[in-house]
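This report covers a single protein chain. It takes up a surface patch, then a set of charged side chains, then the overall make-up and confidence.

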Amino acid sequence: MAGTDFQENTLSALTRFLGDSPLRILLKLLVVSFLVGLVMSAFGWSPYDVVIGIRNFFLDIWNLGFRAIDRVLGYILLGAAIVIPAFLLIRIANYRK
């Protein structure tokens with residue numbers, strides 16, 4: 001009797017976790033896997049292409065952030081090419097007074 005209660009509790013917990021009976025979930029997963037595989041085959045995609053696509057997506061976001069920083073630093077350097085010599089000339093001119 002104790003073993004039966006344990007099996008029922010385990011099956012009940014598994015059913016609660018999966019949202020349905022394990023056999024129905026397995027059947028649903030098989031159908032969805034078949035459909036996704038069919039679509040991927042039609043487009044000529046492989047699982048490796050998907051992984052590389054996700055990797056490239058995150059790399060593009062990462063690089064976009066650094067490109068923005070690079071652009072800001074470029075503006076700072078461009079402005080500094082005028083501001084720093086002007087500042088030094090003003091300081092030298094005021095130093096003589």
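## Nonpolar patch

In this predicted model, helix H2 and helix H3 (47-95) each contribute at least two residues to a nonpolar patch. The patch lies on the surface, has an area of about 830 Å², and is made by Val 39, Phe 43, Trp 45, Val 50, Ile 54, Phe 57, Phe 58 and Ile 61. H3 gives the largest share, with five residues.

Val 50 is one of the patch residues, and its place is in helix H3. Its relative accessibility is 37%, so Val 50 counts as partly exposed. That value also fits the make-up of the patch, because residues enter a patch only with over 30% relative accessible area and no salt bridge.

## Charged residues around Asp 20

Asp 20 sits in the loop between helix H1 (2-18) and helix H2 (22-43). Is Asp 20 buried or exposed? Its relative accessibility is 17%, so Asp 20 counts as buried; the cut-off for buried is under 20%.

Leaving aside residues up to four places away in sequence, Asp 20 touches Thr 15, Ile 25 and Lys 28. With Lys 28, the side chain of Asp 20 makes a polar contact of 3.2 Å. The pair also meets the rule for a salt bridge, with an N to O distance of 3.2 Å.

How many salt bridges are there by this rule? The count is two, and they are set out here.

| Salt bridge | N to O distance |
|---|---|
| Asp 20 and Arg 24 | 3.3 Å |
| Asp 20 and Lys 28 | 3.2 Å |

Side chains of opposite charge can pair when their charged atoms come close. The basic partners have their own accessibility values. Arg 24 has 49% relative accessibility and therefore counts as partly exposed. Lys 28 is partly exposed too, with a relative accessible area of 43%. Through salt bridges that share partners, Asp 20, Arg 24 and Lys 28 are joined into one network. Within that network, Asp 20 is buried at 17%, whereas Arg 24 at 49% is partly exposed.

## Chain as a whole

The protein chain has three helices and zero strands. Read from the N terminus, the order of its elements is α-α-α. Of its 97 residues, 3% count as buried, and Asp 20 is one of the residues counted as buried. The accessible surface of the chain comes to about 9000 Å². Carbon and sulfur atoms account for 74% of that surface.

## Confidence

The mean pLDDT over the protein chain is 85, and 90% of the residues score at least 70. Which element of the chain has the lowest confidence, and which the highest? Confidence is lowest in H1, with a mean of 72, and highest in H2, with 92. Where pLDDT is low, the predicted coordinates should not be read in detail. For orientation, the loop that holds Asp 20 lies between H1 and H2, and H2 is one of the two helices that each supply at least two residues of the nonpolar patch.

Note on methods
Residues are numbered from 1 along each chain as its sequence is written. This is a predicted model: local features need pLDDT of at least 70, side-chain atom pairs count only at pLDDT 80 or more; totals for chains, interfaces and linings use all residues. Side-chain values use heavy atoms; hydrogens and water are left out. Helices (H or I, at least four residues) and strands (E, at least two) are DSSP runs, numbered from the N terminus. Buried means under 20% relative accessible area, exposed over 50%, partly exposed in between (1.4 Å probe, protein chains only). A polar contact is a pair of N or O atoms within 3.5 Å; within protein, one must be able to donate a hydrogen and the other to accept it, and residues adjacent in sequence count only if both atoms are side-chain atoms. Contact means heavy atoms within 4.5 Å. A salt bridge is a side-chain nitrogen of Lys or Arg within 4 Å of a carboxyl oxygen of Asp or Glu. Patches are made of residues with over 30% relative accessible area and no salt bridge: like charges are joined within 9 Å, nonpolar side chains (Val, Leu, Ile, Met, Phe, Trp, Tyr) within 5 Å. Accessible areas come from the Shrake-Rupley method with a 1.4 Å probe; for residues, only the protein chains shown count as cover. pLDDT is the predictor's confidence in each residue, from 0 to 100.
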